[in-house]
Amino acid sequence: MGAMEDEVRLIRADLDEVEELDGSCELLRGRLDGTAVVLAQCGIGKVNTALAASAMVQAGATSIVFTGVAGAVAAGLKIGDVVVGNRFIQHDADDTAFGHPIGVVPGEPPFWEPDPDLFATVFDAVRTLDEPRGHRVVAGTIVSGDQFIAQAEKVAWLRATFEASAVEMEGAALAQAAHHLGVPFAVVRILSDSGDGDAAVDFPAFLNDAAHRGRDLAHVLARVL
Ligand code: ADE
């Protein structure tokens with residue numbers, strides 16, 4: 001799964017035996033290096049992600065890996081580094097008026113975790129690909145919300161409140177949906193910006209690089225999953 005055209009277009013170009021499926025988002029079934037896959041371009045934001053996760057499972061997906069870009073939050077991470085999520089929180093969930101901690105959706109766990117086996121497989125694959133190219137690859141907390149973060153103060157808040165490593169707009173929604181659908185999931189985010197005043201400029205400039213790296217990862221995962 002990816003959110004935007006740029007996050008999935010190169011993977012789509014490499015699919016064989018492509019079949020277009022009906023759904024709320026662009027949904028394809030095909031083969032990647034001989035492995036049966038479902039590819040979804042879910043669109044931006046939490047609701048689109050949840051709908052796409054459901055559609056992917058209906059289309060036969062037995063696990064879901066999200067690849068895309070994110071804003072860097074943790075100190076020491078820079079554009080080009082990678083965060084593989086080991087904890088997911090919806091930073092825009094706010095039911096504090098009724099005594100729930102910030103970021104907690106009432107009735108849901110305080111955070112979601114990926115499937116440990118899938119996480120380990122994906123983490124190894126990303127390290128094998130990206131560390132030799134000079135990028136840091138870390139496991140960390142990914143926070144998601146229906147907001148593009150372009151303000152250093154907001155980044156500082158996300159770091160202090162959630163110990164977040166990266167911020168984006170889909171991962172924790174996939175986490176919640178996958179939990180309810182009973183399907184393993186993992187999320188890989190290449191850092192495209194720092195969520196600050198330069199974010200809106202850095203983000204589009206980086207998408208092409210991220211697209212190529214997402215495609216490389218998809219090929220490795222098609223061989224090992
Ligand atoms: N995806 C990539 N960069 C982002 C940012 N700064 N905020 C939210 N989602 C993003």
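Which residue in strand 2 does Glu 20 stand opposite? In this predicted model, Glu 20 faces Leu 28 of strand 2. The pair belongs to an open sheet of three strands. The strand order is 1-2-3, and the pairing is antiparallel. Strand 1 (16-21) and strand 3 (35-41) stand at the edges. Each has a single partner strand, so one side of each lacks a neighbour in the sheet. On average, and with direction ignored, neighbouring strands are turned by 20 degrees against each other.

Strand 1 pairs with strand 2 (residues 26-32) in the antiparallel sense. Four bridges make up this pairing. Besides Glu 20 and Leu 28, Glu 19 has Arg 29 as its bridge partner in strand 2. The connection between strand 1 and strand 2 is a hairpin of four residues.

Strand 2 also runs antiparallel to strand 3, and seven bridges join the two. Arg 29 appears again here, opposite Val 38 in strand 3. Arg 29 is thus set against Glu 19 of strand 1 and against Val 38 of strand 3. A hairpin links strand 2 and strand 3, with two residues between them.

Asp 33 lies in the turn of this second hairpin. Its phi is positive, at about 50 degrees, although Asp 33 is not a glycine. Most residues other than glycine have a negative phi. The relative accessible area of Asp 33 is 43%, so the residue counts as partly exposed.

A positive phi also occurs at Glu 163, where the value is near 50 degrees. Glu 163, too, is a residue other than glycine. It sits in the loop between helix 4 (152-162) and strand 7. Glu 163 is exposed, because its relative accessible area of 65% lies over the 50% cut-off.

Helix 5 (residues 171-181) is mostly covered. Of its 11 residues, eight are buried. These are Gly 171, Ala 172, Ala 173, Leu 174, Ala 175, Gln 176, Ala 177 and Ala 178. Which elements cover the buried residues of helix 5? The cover includes helix 2 (46-58). It also includes strand 4 (64-72), strand 5 (82-90), strand 6 (137-144), strand 7 (166-168) and strand 8 (185-193). Just after helix 5 comes Gly 182, with a positive phi of about 70 degrees.

Helix 3 (residues 116-130) packs against helix 6 (residues 199-224) at an angle of about 130 degrees. The two axes are 10 Å apart. The angle makes helix 3 oblique to helix 6. The crossing of helix 3 and helix 6 is right-handed. Helix 3 makes the contact with Thr 121, Val 122, Ala 125, Val 126, Leu 129 and Asp 130. Helix 6 makes it with Arg 213, Asp 216, Leu 217, Val 220, Leu 221 and Val 224. Eight of the contact residues are nonpolar, one is polar and three are charged. In general, an α-helix has 3.6 residues a turn, so residues three or four places apart point the same way.

How values were computed:
Residues are numbered from 1 along each chain as its sequence is written. This is a predicted model: local features need pLDDT of at least 70, side-chain atom pairs count only at pLDDT 80 or more; totals for chains, interfaces and linings use all residues. Side-chain values use heavy atoms; hydrogens and water are left out. Axes are lines fitted to C-alpha atoms, for helices over the stretch in contact, and angles run from 0 to 180 degrees between N-to-C directions. Angles under 35 degrees count as roughly parallel, over 145 as roughly antiparallel, 65 to 115 as roughly perpendicular and the rest as oblique. A crossing is left-handed if the near helix is turned anticlockwise from the far one by less than a right angle, and right-handed if clockwise. Contact means heavy atoms within 4.5 Å. Ala, Val, Leu, Ile, Met, Phe, Trp, Tyr, Cys and Pro count as nonpolar, Asp, Glu, Lys and Arg as charged, and the others, Gly among them, as polar. Two strands pair if DSSP finds at least two bridges between them. Buried means under 20% relative accessible area, exposed over 50%, partly exposed in between (1.4 Å probe, protein chains only).
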